[in-house]
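Hi,

Here is the structure I promised to pass on. Have a look first, and then read my notes underneath.

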Amino acid sequence: MAPTPPAASNGSRIATWVLDSLSSGIIAIDAKGAVATFNRSAQRILGCPAGDFRASRGRDCREVLAAQPAVARLLIDSLATHSALGRAELVLNGVSGRPPIAVGLTLSPIRDPAGAIVGSAMVFRDLTALEGAGEQQQLRDRLAALGEMAAGLAHEIRNPLASMEVIAGLLERRLRDRPEETAMLVELRQELKGLADTVTDCLDFVRPVVLARDPVKPVELMESALATARSRIAFAGTIEREYIEPLDEFIGDRAQLRAVLVNLIVNAFESMAGATKSGMQLSLGLYSRAADRSGEAIRIRSDGRADARDEMATRELVMTVADTGPGVAVEIGEKIFYPFFTTKQRGSGVGLALAQKIVGGHGGRLCLDTRDSGGCQFRVHVPIGAGESDSAERCSEANP
């Protein structure tokens, strides 16, 4: 006896589950502009409609997509023009306080077996992760170019600078009975020392990142960095900690990651200098999560299986340092990671660039979040899952 075919209702339910399980947004309308298909990811990416997205089916797409009129217009126009878009990008409106985001989309009219247009369908994907990965690579390329230039300048400057320091010291001893001239020489030697420190920072920046990989306890790492930062700069404000289920340990270079966190915390203290005690707050955070790998291409071997690295479920540790200072202006948000760029009166401007390089050497990334209410937050993302060593090696090779 032939097996009984599954009920049509079962097939319909499975089709619905498939659509709602996809990470891409899918919208389809009929010839009258009513929504025929609208999946969960479409609501997440578009930020509309509010409430149960399933209730949008059967309603006019212009009503459902009132917050994203450009999407509704593309769907309606596709009905009239009978044209398809094989690949396009669209910037969506920010909804419910979210910033605008870019999506990549394909759009195609739907035809019945006779070839008549009976609807239109759009498939789209959030490009935020892809754009972020592109920006990180551009930053690494800029850092590499600047690093090569800095290395050349540092070597050219170092020798004559040492000679000038020796000559200034000899003059200071010869003129010890002339206070005015001696005071000028003391100031000169201080400036020369500051310049020498800058040259040293430049050479530290261009050296390859060499990691000592050992077990690192995240909470201990953060608390140690905080203690060192407080020993350098007095801080009278409040300190908040939000350590959400921090893992026991991960593999990394404790000394270099600690230096990164010390730099970030010291910068946070300095940004809040001059504020009232009640307005000074440092917030430290730790949590782990599944690493966002949506921007990475999956390699498929000839036997149809994914490359082993792509089969590994990578996780990452996120360490955050936030302050209530004046924040960072949007126009310089990316520049602060460039070597020699600084908003301080003194300093080489190499600290954040070197921090970016150390985190990159671990296969991670260092990000800045600006806040409308003032202050800013730095996020240090470090891989902690399977394949972290390979990822870090590849990232280290990309850095100068």
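Let me start with a question: is Val 266 buried or exposed? Val 266 is buried, with a relative accessible area of 11%; buried means under 20% relative accessible area, exposed means over 50%, and partly exposed is what falls in between (1.4 Å probe, protein chains only).

Before the rest, some ground rules. This is a predicted model, where local features need pLDDT of at least 70 and side-chain atom pairs count only at pLDDT 80 or more, while totals for chains, interfaces and linings use all residues. Residues are numbered from 1 along each chain as its sequence is written, and side-chain values use heavy atoms, with hydrogens and water left out.

**The chain as a whole**

The protein chain has 11 helices and 12 strands. These are DSSP runs numbered from the N terminus: helices are H or I with at least four residues, strands are E with at least two. Of its 400 residues, 38% count as buried. Looking at contacts (heavy atoms within 4.5 Å) with a separation of 6 or more, 66% are between residues 24 or more positions apart.

**Helix 8 and what sits around it**

Back to Val 266, which is in helix 8. Leaving out residues up to four places away in sequence, Val 266 touches Ala 229, Arg 232 and Ile 233. Its C-alpha is 7.8 Å from that of Arg 230, although the two are 36 residues apart in sequence.

Val 266 has plenty of company: the buried residues of helix 8 also include Gln 256, Leu 257, Leu 264, Ile 265, Asn 267 and Phe 269. The length of helix 8 works out too. The expected span is 1.5 Å times one less than the number of residues, so the 18 residues of helix 8 should span 26 Å, and its end C-alpha atoms are indeed 26 Å apart. At the start of helix 8, a side-chain oxygen of Asp 253 comes within 3.2 Å of the backbone nitrogen of Ala 255. That is a polar contact, meaning a pair of N or O atoms within 3.5 Å; within protein, one must be able to donate a hydrogen and the other to accept it, and residues adjacent in sequence count only if both atoms are side-chain atoms.

Helix 8 also takes part in the 1 aromatic pair that was counted. Rings of Phe, Tyr and Trp (its six-membered ring) pair if their centres lie within 6.5 Å; planes under 30 degrees apart are stacked, over 60 edge-to-face, and the rest tilted. Here Phe 235 and Phe 269 are stacked, at 4.4 Å centre to centre with 15° between the planes. Phe 235 lies in the loop between helix 7 and strand 7 (238-243) and Phe 269 in helix 8, so the pair ties together parts that are 34 residues apart in sequence. Phe 235 is buried at 8%, and Phe 269 is buried at 3%.

**The cores**

A nonpolar core is a set of buried Ala, Val, Leu, Ile, Met, Phe, Trp, Tyr and Cys residues joined through side-chain atoms within 4.5 Å. The largest one has 40 residues, and those with the most contacts inside it are Ile 265, Leu 282, Met 319, Phe 378 and Val 380. Helix 7 (218-232), strand 9 (281-290) and strand 12 (376-383) are among the elements that each supply at least two residues of this core. The largest share, 9 residues, comes from helix 8. Phe 378 is in contact with residues including Leu 264, Met 319, Ile 336, Leu 352 and Leu 366, leaving aside neighbours within four places in sequence. Apart from this core lies another, of 25 residues, among them Val 64, Leu 75, Leu 92 and Leu 107.

**Odds and ends**

- A cis peptide bond joins Cys 48 and Pro 49, with omega about -5°; Pro 49 is in the loop between helix 2 (40-46) and helix 3 (61-64).
- With a disulfide taken as a pair of cysteine sulfur atoms within 2.5 Å, the count is 0. Cys 61 is buried at 0% relative accessibility, and Cys 376 is buried at 5%.
- Asp 323 is buried, with a relative accessible area of 5%, and a polar atom of its side chain lies 2.8 Å from the backbone nitrogen of Gly 325.
- Ala 31 is exposed at 51%, yet touches Leu 79, Ile 117, Val 118 and Gly 119, not counting residues up to four places away in sequence.

Cheers
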